[in-house]
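Please open the structure in your viewer and keep the selection panel at hand, since each stop on this tour begins with something to select and then says what is there.

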Amino acid sequence: MSSLPARAERRCHNAVNPLHSCLFFSPDLGAELGKLGVEDPSAVYFATRAAAFGPVGAGTVTATFYNFNPALVAQHVPAVWSVASPEQVLGARLRAADSTLRRLLGEEIIASDEMAEAARLALRATAACTPHARPLYAAHAELPVPDEPHLAFWHAATLLREHRGDAHLAALLAAGLDPVESLVSHTATGKGMAIRWILSSRGWRRTDWEAASGRLRERGLIVAGEEPALTDAGTALRAEVEEATDRMDRAPYEHLGAEGVERLTELGRGFLFTAASNGAFPAEATGR
């Protein structure tokens, strides 16, 4: 039985993860990768997130990223490594994280005791993360922890995000949701990204989306309509996926303890409010 309040790990994740993922919406990332010759937005994303693996092929990225069209991945991987090495990409990624956090949070927060505290708490949580069956987490866990607190916090947020993300993919697989079905059913919860943005960024066609929607309707998980909506069975299945993810991701937060989780959540929410106020997340990504 967990010693944490119900869904405390999920609330903490929701407060900390955006400080990791805001990098992928930052113009700084494209600028840094552009200096290396990587300019296509999909190539930038694949290289940035996969660089911790080393110069892997399309199969590894397709398997570990889950909901991208394999054809889109193959357009850019492994070709991107002939333009910029994984080591170069990792350096550019950290520079982009630095400039992005400084712009979104401001120098006062960057240099604050609260940032240093958040870094300590997040790193303490990562001490209980486990690498087995978690390839993206395991690859990132081998990277050195940056010295500066805001970058150490970003690094820890990355580890926590990939640890949970790997677990989430296992939960989706167990629920029988393939890559496009996962996207459709998530959008049907009302919390997903805008459909047009999903299709363009993930490389799927509208026909792929409609076929996945048809399969979900046949399973009784969504109802017919222009916008996907979950049935009671679909709502229950998506809840199962999230609860399974929570279970598989509980260890780092149990290690941190209820008081530490509460404090890290509080700090993360404060940083997130400031970052969101400064335009961290574009409307096309959120659908709002």
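## Helix 2 against helix 6

In this predicted model, begin by selecting helix 2, residues 27-35, together with helix 6, whose axes lie 8 Å apart and which pack at an angle of about 150°. Angles over 145 degrees count as roughly antiparallel, and helix 2 and helix 6 are therefore roughly antiparallel to each other. If you look along the line joining the two, you will see helix 2 pass helix 6 in a right-handed crossing. To display the contact, show Pro-27, Asp-28, Leu-29, Glu-32 and Leu-33 on helix 2, and on helix 6 show Val-89, Ala-92, Arg-93, Arg-95, Ala-96, Ser-99, Thr-100 and Arg-103. Coloured by class, the residues of this contact between helix 2 and helix 6 come out as six nonpolar, two polar and five charged.

## The second largest pocket

Keep helix 6 (86-105) selected and add helix 10 (149-174), as each of them supplies at least two residues to the lining of the second largest pocket. This pocket has a volume of about 180 Å³, and the residues to select around it are Leu-90, Gly-91, Arg-93, Leu-94, Leu-143, Pro-144, Val-145, Pro-146, Trp-154 and His-155. Which helix gives the most to this lining? That is helix 6, with four residues. Arg-93 deserves a label at this stop, as it belongs to the pocket lining and also to the contact that helix 6 makes with helix 2. By class, the lining of the second largest pocket holds seven nonpolar residues, two polar ones and one charged one.

## Helix 10 against helix 14

Now follow helix 10 and add helix 14: their axes come within 8 Å and cross at roughly 140°. Helix 10 and helix 14 are therefore oblique to each other, and their crossing is right-handed. On the helix 10 side, select His-163, Arg-164, Ala-167, His-168, Ala-170, Ala-171 and Leu-172, which meet Arg-238, Val-241, Glu-242, Ala-244, Thr-245, Asp-246 and Met-248 of helix 14. The contact of helix 10 with helix 14 divides by class into seven nonpolar, three polar and four charged residues.

## The cavity lined by helix 14

How many cavities of 30 Å³ or more does a search of the whole structure find? The search finds one, and the largest cavity encloses about 40 Å³ of space. Its lining can be shown by selecting Leu-177, Ser-185, Leu-216, Leu-221, Ile-222, Leu-230, Gly-234, Leu-237 and Arg-238. Helix 14, residues 232-248, contributes the largest share of that lining, with three residues. Arg-238 is worth keeping highlighted from the previous stop, since it lines the largest cavity and is also one of the helix 14 residues that meet helix 10. The lining of the largest cavity consists of six nonpolar, two polar and one charged residues.

## Helix 1 against helix 15

Next select helix 1, residues 8-21, and helix 15, residues 251-277, which pack at an angle of about 45° with their axes 8 Å apart. That angle makes helix 1 oblique to helix 15, and here the crossing is left-handed. The residues to show on helix 1 are Ala-8, Glu-9, Arg-11, Cys-12, His-13, Asn-14, Ala-15, Val-16, Pro-18 and Leu-19, and those on helix 15 are Tyr-253, Val-261, Leu-264, Thr-265, Gly-268, Arg-269, Phe-271 and Leu-272. By class, the contact of helix 1 with helix 15 has eleven nonpolar, four polar and three charged residues.

## Two backbone details

Most residues other than glycine have a negative phi, and most peptide bonds are trans. With that in mind, select Arg-7 in the segment before helix 1, where the backbone has a positive phi of about 60° although the residue is not a glycine. Finally, move to the loop between helix 5 (70-76) and helix 6, where Pro-78 lies, and inspect the peptide bond from Val-77 to Pro-78, which is cis with omega near 10°.

How values were computed. Residues numbered from 1 in each chain as written. Predicted model: local features only at pLDDT ≥ 70, side-chain atom pairs only at ≥ 80, totals over all residues. Heavy atoms only, no water. 1 Å grid on protein atoms, 1.4 Å probe; cavity = no way out; pocket = protein on both sides within 12 Å on 5 of 7 lines; lining within 4 Å. Points joined across faces, edges and corners; volume = space filled by probe spheres on them. Nonpolar A, V, L, I, M, F, W, Y, C, P; charged D, E, K, R; others polar. Axes fitted to C-alpha atoms, helices over the stretch in contact; angles between N-to-C directions. Parallel < 35°, antiparallel > 145°, perpendicular 65-115°, else oblique. Left-handed = near helix turned anticlockwise from the far one by under 90°. Contact = heavy atoms within 4.5 Å.
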